[in-house]
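This briefing introduces selected features of one protein chain. Please keep the sequence and the structure in view while reading the points that follow.

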Amino acid sequence: MEECDLQMLRKTPLFAGMTPDEVKSALAGTEAQMRPFEKGEFLLRTGEPVRWVGLLMQGEALVMREDVWGKRSVLTTLAPGQLFAEALACAGTEESPVSVQATQSGRALLLRAQRLFDAGAQKGQAALTGNLMHIMAQKNLALNRKIEVLSRRTTREKLLAFLGEEARRAHGRTFAIPYNRQALADYLGVDRSAMCTELSRLKKEGWLDFHRSTFRLLAAGEESPVSSLE
């Protein structure tokens, strides 16, 4: 693997705090391989065996679930440095219940799942496994936050709960979300048209302002024209 890739890896949460030699050893021990992909390509399909844990190096992807009627529900968006299929690998899942599809071309590092927890792990794999457990704990917290949003009864309540959480995470009232309108509707489990109508109502009523994926939650009596976010 090229030196620039090793430097990139050490900046990701999965390889955080590891020396170059530890990273190289962990890559060898997990039979790591780099996989390029194109926009629209599936990195993992529902029903496929989970043989690899993926680390997105470049590009973007969606993790989604489809029911038997083909209705899609977006679980999360993947950005560079983020993992996919790690929980399935740890659970020993034989068939994936989700799909991972690229929304931009890029590359992913694939680590063989069955080698991550080998008893005779090579130098560096202990640190790798520790980082993996930390990431999974953080994702569990994120899942709990999503459950809190989806537990709301109406589209309006779901939107306000989601946007309020995004503002909290951004430590400010102005923030960008990682979804377009369709992906946001899929994430919230609501109809896109109804969601867009509700967003327009919230804006008209002075709850928020938005331009594309940038939002601002308004305080009582505050005015924020759309042009301010363009």
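Two strands pair if DSSP finds at least two bridges between them. With that definition in mind, strand 4 (residues 61–66) and strand 7 run antiparallel and are joined by four bridges. The model discussed here is predicted. The points below begin with the strands, continue with two helices, and end with two single residues.

**Strand 7 and its partners**

- Strand 7 comprises residues 99–102, and both of its faces are covered.
- On one side Ser99 and Gln101 are buried, and on the other side Val100 and Ala102 are buried.
- Within the pairing of strand 4 with strand 7, Ala61 has Ala102 as its bridge partner.
- Strand 7 also pairs with strand 2 (residues 42–44), in the antiparallel sense and over two bridges.
- Opposite Leu44 stands Val100 of strand 7.

**The open sheet**

- Four strands form an open sheet in the order 1-8-3-6, and their pairing is antiparallel.
- Which strands are the edge strands of this sheet? They are strand 1 (33–37) and strand 6 (83–84), each of which pairs on one side only.
- Strand 6 is joined to strand 3 (residues 52–58) over two bridges, again in the antiparallel sense.
- Gly54 has Phe84, in strand 6, as its bridge partner.

**Helix 4 and helix 5**

- Two packed helices are described by the angle between their axes and the distance between the axes.
- For helix 4 (residues 125–150) and helix 5 (residues 155–170), the angle is about 150 degrees and the axes are 8 Å apart.
- Helix 4 contributes Arg145, Val149 and Leu150 to this contact, where they meet Lys158, Ala161, Phe162, Glu165, Arg168 and Arg169 of helix 5.
- The residues of this contact comprise four nonpolar, no polar and five charged.

**Helix 5 in its surroundings**

- Helix 5 consists of 16 residues and reaches 22 Å from its first C-alpha to its last, close to the 22 Å expected at 1.5 Å a residue.
- Several residues of helix 5 are buried, among them Leu159, Phe162, Leu163 and Glu166.
- Against which elements do the buried residues of helix 5 pack? They pack against helix 4, helix 6 (181–188) and helix 7 (192–204), and also against strand 9 (174–176), strand 10 (208–211) and strand 11 (214–217).
- Just after helix 5, His171 adopts a positive phi of about 55 degrees.

**Asp5**

- Asp5 is located in helix 1 (residues 3–10).
- Is Asp5 buried or exposed? Asp5 counts as buried because its relative accessible area is 6%, and the cut-off for a buried residue is under 20%.
- The side chains of Asp5 and Arg107 make a polar contact at 2.9 Å.
- When neighbours within four places in sequence are left aside, Asp5 is in contact with Met34, Met57 and Arg107.

**Ala16**

- Ala16 belongs to the loop between helix 1 and helix 2 (20–29).
- Ala16 counts as partly exposed because its relative accessibility is 37%, and the partly exposed class lies between the cut-offs of 20% and 50%.
- Not counting residues up to four places away in sequence, Ala16 touches Arg10 and Asn131.
- From C-alpha to C-alpha, Ala16 and Leu141 are 20 Å apart in space, while in sequence they are 125 residues apart.

Terms used. Residues are numbered from 1 along each chain as its sequence is written. This is a predicted model: local features need pLDDT of at least 70, side-chain atom pairs count only at pLDDT 80 or more; totals for chains, interfaces and linings use all residues. Side-chain values use heavy atoms; hydrogens and water are left out. Axes are lines fitted to C-alpha atoms, for helices over the stretch in contact, and angles run from 0 to 180 degrees between N-to-C directions. Contact means heavy atoms within 4.5 Å. Ala, Val, Leu, Ile, Met, Phe, Trp, Tyr, Cys and Pro count as nonpolar, Asp, Glu, Lys and Arg as charged, and the others, Gly among them, as polar. Buried means under 20% relative accessible area, exposed over 50%, partly exposed in between (1.4 Å probe, protein chains only). The expected span of a helix is 1.5 Å times one less than its number of residues. A polar contact is a pair of N or O atoms within 3.5 Å; within protein, one must be able to donate a hydrogen and the other to accept it, and residues adjacent in sequence count only if both atoms are side-chain atoms.
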